[in-house]
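Let's walk through this one as a quick Q and A, starting with the fold and ending at the ligands.

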Amino acid sequence: MQTIPSLALARAIKRWLPQVRAVFGGANCDGPMGAALHRNHRFVDYVVRGEGELAFPLLLDRIDAGRTPADVPGVCWWDGDRSVAVAPARTTVPPALIPIPTFDRWQADFDASVLRDRVNPSLAVEAARGCWWGDKHQCTFCGLNGSVIAFRSKSADQFWTELSMLVARHQILDVIPVDNILDMEYFRTLLPRLAAADWDLRMHYEVKSTFRLGLCYYRQGPGFLGVRDVRDPAESAVYVLDEPPLREAFLRCLTPQRLDDWPAQGQAAAEELIAEGLLLRRGGLAVTLPYRMRVWPVPATAV
Ligand code: B12
Ligand code: SF4
């Protein structure tokens, strides 16, 4: 929800139903923004700053018990007309406890909607919080100023289980992970599994601009539909390894090969890859170029 409409709605609700408690939370209430939002709007009863999984149930407990939430981390509350901001928690919610979203009610509403044939629905899922890049040198424009930036992610097993359950339950193949950044470990653990499932999943992940294209290339495009190359089109090129003989030649040459021993079709495929700069021939041997490169040796997004 947007902040200003949410404030207007909260004010209207409080005007008509003053007994209702207005609680705000989310990215726009993070850190000092949350304290300022509370301080400036007397009709906002509470603001939860930071992660809600532990703080929100605690706040509800305190409200239920008629106690002040002075011990609930990150919460802003009113002591008379004074806005009090409790310091946020130092600990974070362990990734294994990050809940699985429940889309059942949304699905029922969607199915009943007249717009259902006009909208292409996606599932929003969460595998990680924080940012491993920002942990070391946060980008100047980063919006995660108030939150804990330490990176934490679900194990590939857990995320795979959640993802496959949601996809099967809702029969939706468009998936949007809300993570700030892709867990690099997933190249080894999760992505090969997604690729092997062969589900036609369309996942949209954020990666760093310094991300090595060779990583995708090495993993044979692990379920990626495409990599957006934001360089000047004049300097970039796309080469797709989509024909079986090309893929086979490429993969076989991960171990140096003597091309003379290959059948004609394999040799033709290898020649094409050599021409593209994806294989290197030295003497009688051909080998796939190494993928761990800072700068990709060919002007290609070879996925
Ligand atoms: C998905 C997403 C979107 C989607 C939303 C799709 C949708 N239908 O929900 C789209 C693409 C529309 C979007 C748009 C924008 N986004 Co956005 N978006 C995100 C993203 C990637 C994930 C948010 C999410 O769902 N997380 C999963 C949930 C479970 O976690 P959470 O939101 O952090 O919530 C936790 C707590 O905040 C708290 N909480 C949340 N809500 C509440 C409510 C209550 C009552 C309580 C008690 C607690 C609580 O508990 C949750 C669990 O711990 C975040 C980055 C990130 N990874 O957080 C950016 C992010 C929230 N977006 C951001 C921005 C700037 C925008 C835009 C303004 C961009 C623009 N210039 O247009 C717009 C604004 C849209 C709007 N109307 O408000 C910034 C916000 C910066 C800030 N601190 O204010 C973020 C943090 C990205 C960033 N790093 O800069 N966004
Ligand atoms: S990569 Fe994104 S989340 Fe990470 S520090 Fe930069 S802007 Fe922030």
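## Fold, cores and ligands

The chain's secondary structure comes to ten helices and 14 strands, counted as DSSP runs numbered from the N terminus (H or I, at least four residues, for helices; E, at least two, for strands). This is a predicted model, where local features need pLDDT of at least 70, side-chain atom pairs count only at pLDDT 80 or more, and totals for chains, interfaces and linings use all residues. Residues are numbered from 1 along each chain as its sequence is written, chains are lettered from A and ligands numbered from 1 in the order written, and side-chain values use heavy atoms, with hydrogens and water left out.

Q: What percentage of the chain counts as buried?
A: Buried means under 20% relative accessible area, exposed over 50%, and partly exposed in between (1.4 Å probe, protein chains only). Of the 303 residues in the chain, the buried share is 38%.

Q: Which helix gives the largest share of the largest nonpolar core?
A: A nonpolar core is a set of buried Ala, Val, Leu, Ile, Met, Phe, Trp, Tyr and Cys residues joined through side-chain atoms within 4.5 Å. The largest one has 20 residues, with Phe159 and Leu163 among those with the most contacts inside it. Strand S5 (123-125), helix H6 (156-170) and helix H7 (191-197) each supply at least two residues of this core. The largest share, six residues, comes from H6.

Q: Which residues does leucine 194 touch, not counting those up to four places away in sequence?
A: Contact here means heavy atoms within 4.5 Å. Leucine 194 is listed among the residues with the most contacts inside the largest core. Its partners are Trp160, Leu163, Leu201 and Met203.

Q: Which side chain has an N or O atom 2.6 Å from an oxygen atom of ligand 1?
A: For polar contacts, the N or O atoms of a pair lie within 3.5 Å; within protein, one must be able to donate a hydrogen and the other to accept it, and residues adjacent in sequence count only if both atoms are side-chain atoms. A nitrogen atom of ligand 1 is 3.1 Å from a side-chain N or O atom of glutamine 2, and a backbone N or O atom of alanine 27 lies 3.1 Å from a ligand 1 nitrogen. The 2.6 Å pair with a ligand oxygen belongs to glutamate 53.

Q: Which residues surround ligand 2?
A: A residue is near a molecule if one of its heavy atoms lies within 4 Å of it. The residues around ligand 2 are Cys131, Gly134, Gln138, Cys139, Phe141, Cys142, Leu144, Asn180 and Lys208.
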